[in-house]
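Take a look at the chain below. We will walk through it step by step, from its open spaces to its sheets and helices.

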Amino acid sequence: MPIDYDRLRLDGVYKQNEQGQLMLRVKAPAGVLSTEQALKIATISERFSNGMLHLTTRCSVEFHWLSDTDLPQIWRELSSVGLTSRGACGGAVRGIACSTTFSPGFGKAQLAASRFQKHFAGNPRFEGLPKKFKVGVEGSAQGGRHLIQDAGIVYVGESDQGPLFDLWAAGGLGREPMEAFLYERAVPENQLLPLLEALVEVHRENTPKGKRLKHVVQALGQQEVRRLVEQKRQVRPVYEQIEVFEKYFTSKADLTPVEAVVFAGEIRADIFRRLAEVARDHAEGYLALTANQNVALLPGTLTDIAKLEQEVKACGFLSGEAEQDVCFRICPGSHQCRMGLAPTRDVTRSILTALGDRGRKLSFAISGCPNACAQPQLADVGILARKSLKQEDGSRKPLFELQRRSGEGFGVAVATDLEESSLIEAICRIL
């Protein structure tokens with residue numbers, strides 16, 4: 001019987017190539033994994049994949065080159081440690097992202113994201129949507145990630161009702177990037193859930209198939225979207241407070257993490273296992289996946305920071321080399337994605353070689369196709385493979401757009417239709 005790839009997408013499965021090999025995306029609640037969960041992920045990769053993991057900009061984990069016959073066992077393994085891939089692809093409320101930027105409000109953001117994940121993950125009420133619906137919870141507006149979500153939630157302070165969050169709506173990147181608009185200021189956390197549900201229902205009922213919520217705003221305008229949301233919004237009592245990681249995160253608000261910078265988000269399963277073991281022995285048993293595709297270990301109040309750094313360095317990190325010292329978000333590109341127009345990792349290495357010590361205090365991002373999964377519009381220097389040209393030998397040459405970001409909004413294009421060599425020259429000129 002032919003494989004129904006459309007059905008599998010809701011289970012977090014994406015067809016990787018015409019040979020039937022698959023990618024499976026796993027939701028990490030608010031970007032946080034326990035040691036047990038991280039060890040299980042490493043084992044699954046070694047047993048069923050190629051021994052590699054890809055860390056995404058939405059703090060999820062991807063397995064590549066899977067066989068469909070192994071999926072049932074993989075799902076059982078994930079379930080045994082409380083993880084799921086349901087809704088990680090397809091028309092559903094995706095995993096609740098939390099950028100783990102470790103701002104002063106990141107503990108509150110992590111808690112809210114964990115609670116929302118419990119509510120939305122695997123819930124059929126929030127599946128079967130015209131297209132994906134992305135929610136992100138941030139500890140501050142720094143970095144602008146709230147601008148790219150269907151619902152971007154930003155911690156702004158406290159009140160007698162508890163944490164307060166600004167809600168931004170209808171953002172997105174891709175071929176038609178649009179910044180989210182501020183829907184409501186200073187919303188108490190217990191009032192966010194009905195607002196999120198209302199936005200999802202407006203998306204379901206008004207968005208053409210294959211389009212995001214931003215297209216409803218473009219078609220109807222902000223005022224009409226607000227009217228539709230308020231029709232759906234229902235005031236509810238405080239939802240059940242899920243105590244996931246609560247004591248842990250509120251105790252970490254003033255501590256600086258030790259971050260293992262993972263080039264291109266590609267990490268060997270055995271190295272990921274070693275980091276999980278370091279987290280178990282030196283960081284109270286938790287690690288966090290960041291929106292920059294790295295792994296952060298959060299020290300305890302009695303942690304020997306020097307020892308933690310020493311153990312992370314023994315895993316091959318904190319070397320000071322350019323690949324570990326430059327913030328460079330990188331999608332898989334043509335290395336692993338059938339949508340990819342450019343070999344993003346190779347291009348990145350060429351850029352880093354040309355830059356030398358320049359640009360180490362800036363953030364970079366490169367996406368191998370217009371879908372912009374690496375979020376180049378939010379980097380100081382953004383690179384986007386817009387198209388490719390067919391060569392005489394049948395190969396294709398990617399052409400890039402170079403973007404620069406200086407304010408709080410999206411970056412803007414400063415050069416287009418660049419071949420790789422011209423791209424590198426243009427980057428060196430602007431730096």
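## A pocket to start from

The second largest pocket is lined by 35 residues, and those nearest its centre are Arg145, Glu259, Asn292, Cys327 and Ser363. Three elements each give two or more residues to this lining: helix 11 (322-325), strand 14 (327-330) and helix 12 (344-355). Helix 11 gives the most, with four residues. The pocket holds about 650 Å³ of space. Its lining divides into 13 nonpolar, 13 polar and nine charged residues. Bear in mind that this is a predicted model.

Strand 14 leads on to a sheet. An open sheet of five strands has the order 14-15-16-17-18, and its pairing is mixed. Strand 14 and strand 18 (412-418) are the edges, each pairing on one side only. From one strand to the next, the twist averages 20°.

Start at the strand 14 edge. Strand 14 and strand 15 (residues 363-367) run parallel and share four bridges. Within this pair, Phe328 stands opposite Phe364 in strand 15.

Now add the helices. Helix 12 also helps line the second largest pocket. Helix 12 lies across strand 14, strand 15, strand 16 (381-390) and strand 17 (396-404). It runs at about 160° to strand 14. Helix 13 (residues 420-430) lies across strand 15, strand 16, strand 17 and strand 18. Helix 13 makes about 15° with strand 17.

Which residues of helix 13 are buried? They are Leu423, Ile424, Ala426, Ile427 and Cys428. Their cover includes helix 12, along with strand 15, strand 16, strand 17 and strand 18.

Next comes another sheet. This open sheet has four strands in the order 6-7-8-9, again with mixed pairing. Its edges are strand 6 (135-138) and strand 9 (181-188), and each pairs on one side only. The twist here averages 25° from one strand to the next. Helix 4 (residues 106-120) packs on the sheet and touches strand 6, strand 7 and strand 8. The direction of helix 4 makes about 155° with that of strand 6.

Go along the strand order. Strand 6 and strand 7 run parallel, joined by four bridges. Here Glu138 stands opposite Val154 in strand 7. Strand 7 (residues 151-159) then pairs with strand 8 (residues 162-169) in the antiparallel sense, over eight bridges. One partnership links Ser159 with Gly162 in strand 8.

Is strand 6 covered on one face or on both faces? Both faces are covered. Val135 and Val137 are buried on one side, and Gly136 and Glu138 are buried on the other.

Glu138 brings us to the closed spaces. How many cavities of 30 Å³ or more does the structure hold? There are two. The largest cavity has a volume of about 50 Å³. Glu138 is one of its lining residues. The others are Thr57, Arg58, Ala97, Cys98, Ser99, Arg145, Gln149, Ala291 and Gln375. By class, this lining has three nonpolar, four polar and three charged residues. Arg145 is a name to recall: it is also among the residues nearest the centre of the second largest pocket.

The second largest cavity holds about 30 Å³ of space. Its lining is made of Lys27, Ala28, Gly31, Arg58, Cys59, Ser60, Gly95, Ile96, Ala97 and Gln117. By class, these residues are four nonpolar, four polar and two charged. Arg58 and Ala97 appear here, and they line the largest cavity too.

Cys59 points to the last stop, a hairpin. Strand 4 (residues 52-55) and strand 5 (residues 61-66) pair in the antiparallel sense over two bridges. Leu55 stands opposite Val61 in strand 5. The hairpin has five residues between its strands, and Cys59 takes a positive phi near 65°.

Strand 4 has another partner. It pairs with strand 11 (residues 266-268), also in the antiparallel sense, over three bridges. In this pair, His54 stands opposite Glu266 in strand 11.

Definitions and conventions: Residues numbered from 1 in each chain as written. Predicted model: local features only at pLDDT ≥ 70, side-chain atom pairs only at ≥ 80, totals over all residues. Heavy atoms only, no water. 1 Å grid on protein atoms, 1.4 Å probe; cavity = no way out; pocket = protein on both sides within 12 Å on 5 of 7 lines; lining within 4 Å. Points joined across faces, edges and corners; volume = space filled by probe spheres on them. Nonpolar A, V, L, I, M, F, W, Y, C, P; charged D, E, K, R; others polar. Pairing = 2+ DSSP bridges. Axes fitted to C-alpha atoms, helices over the stretch in contact; angles between N-to-C directions. Contact = heavy atoms within 4.5 Å. Buried < 20%, exposed > 50% of the residue type's maximum accessible area, 1.4 Å probe, protein only.
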